[in-house]
Each structure stands twice: as structure tokens, then as C-alpha cells.
Amino acid sequence: MRALVIGGAHSVWRDIWRVEKAVGPWDGIVIGVNDIGTLLPRLDAWATLHPEKLPQWKREREARGYTIPPTWSNNYATDYTIAHWANGSSGLLGVGVAFAMGAEEIILCGVRMDRQRNHFREEKGWQQHDRYRRGWLQKLDVMRGRVYSVSGWTREILGPPPFLAGRM
């Protein structure tokens, strides 16, 4: 089973387009991370380290006519908790959720973990990437060969999805 973990980096729409251009419409699990979940029609799970923002995000999602999927975080304010994946950003939590849901291969879209203009709603760069990279590096052995990224620093450390290798 495959999973797509979708974060909110500025490259998210291009990343999704690249995946779907290569494999067609995604038929695996879809996990939204943070506020990008308000914009994705299909979600199987919603991951965040900011559960206090979920009430507003849920209202935005419902206003678009989308259903609310199960929510995941590192504390008990959500449907499910998964604390041991919480030390490397909400994107890394999304990876843990994908594993918990049975995914064997995980593709990251919009989970760059770098300083570039790093949010689809804002122009400013994300300065906290260094702080969270340590968590990613601690999980690298578990992820290598199972988790791939379409763009950014995560692509550098995990590699591109096999179906995109040599195409980017």
C-alpha cells in the first residue's frame, strides 16, 4: 500500500502534479498535514502538531463541502495520537501516520523542510527548518527505501520517488 503525505510548502501543487503526471490519479492513502487539509477534496487522515487550530481548519473544510477525516497528533486533542513521530515537524508526523495506517511506500509532496518560500499561503521563508531536521535525521534509517520526496531537503536525504527518478 502506498501513501501520499501532503504538506503546505509552496511547491505542493507542483509536487502533486508531478506525481499524478507520472502515475495518474493517486489511488493510495492521502494524508494532509496542517492547513493544506482544508483544500484537499480527498483525505484519509489529517496530521498536525497544532491540534488547537483544527476547529478552524475543520470549519474551512466543511465550508468547501468536504468530509472531516480522522485526525492525528501527538496529544489527545485528536482522534488518534502518535507521539514518537512528533519531533520533526507536522510533516514527519504525517509519515508516522502513514506507517500506522499500513503504508509500505510513502511519497512526500510539499514537505520540503528547507528555507525557501515554504508555505503555500505566504511569501516568507521558513526559519525553523533546522530545528526540525534533527527529528528527520533520527528517523532516517526507518524511512530510507520506504519514504521518498518530490522536492526540497527531504528529497536530498530520502531520494525522489522511484517513478520520478531521472525525470526531474
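The paragraphs below walk through a predicted model of a single chain, from its overall make-up to some individual residues.

The chain contains six helices and nine strands, and of its 168 residues 55% are buried. Taking contacts between residues at least 6 apart in sequence, 59% join residues that are at least 24 apart, and several of the pairings described below are of that long-range kind, including one that spans 103 residues.

A good place to begin is the sheet. Seven strands form an open sheet with parallel pairing, and reading across it the order is β5-β4-β3-β2-β1-β6-β9. The edges are taken by β5 (80–81) and β9 (147–149), each of which has a single partner strand, so one side of each is left without a neighbour in the sheet. Further in, strand β1 (residues 2–6) runs parallel to β2 and is joined to it by four bridges; within this part of the sheet, Ile6 stands opposite Gly32 in β2.

Strand β1 also takes part in the charged pairs of the model. As a general matter, side chains of opposite charge can pair when their charged atoms come close. A search of the whole structure finds three salt bridges. In one of them Asp27 is paired with Arg2, the closest N and O atoms being 3.8 Å apart; this pair links distant parts of the chain, since Asp27 sits in the loop between α1 and β2 while Arg2 belongs to strand β1, 25 residues apart. Arg2 also meets the side chain of Glu105 in a salt bridge, at 4.0 Å from N to O, and here the link runs from strand β1 to strand β6, across 103 residues of sequence. The partners differ in how they are placed relative to the surface: Asp27 counts as exposed at 64% relative accessibility, Arg2 as partly exposed at 25%, and Glu105 as buried at 18%. The salt bridge between Arg42 and Asp44 has an N to O distance of 3.1 Å, and both of its residues are partly exposed, Arg42 with a relative accessible area of 38% and Asp44 with 27%. Through shared partners, salt bridges join Arg2, Asp27 and Glu105 into one network.

Asp15 offers a contrast to these pairs. Asp15 lies in helix α1 (residues 12–23) and is buried, yet has no salt bridge, the nearest side chain of opposite charge being that of Arg18, 4.4 Å away. That distance falls outside the cut-off, because a salt bridge requires a side-chain nitrogen of Lys or Arg within 4 Å of a carboxyl oxygen of Asp or Glu. What does the side chain of Asp15 approach instead? A polar atom of the Asp15 side chain lies 2.8 Å from the backbone nitrogen of Gly110. Beyond its neighbours within four places in sequence, Asp15 is in contact with Cys109, Gly110, Val150 and Ser151.

Ser151 leads on to another residue, Arg112, whose side chain makes a polar contact with the side chain of Ser151 at 3.4 Å. Arg112 lies in the loop between β6 (105–109) and β7 (117–119), and despite this loop position Arg112 is buried, with a relative accessible area of 7%. The C-alpha atom of Arg112 is separated by 9.0 Å from that of His10, although the two residues are 102 apart along the chain.

Helix α3 (residues 89–100) deserves a separate look. Its twelve residues reach 17 Å from the first C-alpha to the last, close to the 16 Å expected at 1.5 Å a residue. Eleven of the twelve are buried, so the helix is largely enclosed by the rest of the structure; among these buried residues are Leu92, Leu93, Val95, Val97 and Phe99. At the start of α3, a side-chain oxygen of Ser89 reaches to within 3.2 Å of the backbone nitrogen of Gly91, and just after the helix Gly102 takes a positive phi of about 100°.

A further backbone feature appears in the loop between β2 (29–33) and β3 (45–47), where Asn34 is found. Most residues other than glycine have a negative phi. Asn34, however, has a phi near 60°, a positive value in a residue other than glycine, and Asn34 is also buried, with a relative accessible area of 15%.

Technical notes:
Residues numbered from 1 in each chain as written. Predicted model: local features only at pLDDT ≥ 70, side-chain atom pairs only at ≥ 80, totals over all residues. Heavy atoms only, no water. Helix = DSSP H or I, 4+ residues; strand = E, 2+ residues; numbered from the N terminus. Buried < 20%, exposed > 50% of the residue type's maximum accessible area, 1.4 Å probe, protein only. Lys, Arg positive; Asp, Glu negative; His and termini not counted. Polar contact = N/O pair within 3.5 Å; in protein donor to acceptor, adjacent residues only side chain to side chain. Contact = heavy atoms within 4.5 Å. Expected span 1.5 Å × (residues − 1). Pairing = 2+ DSSP bridges.
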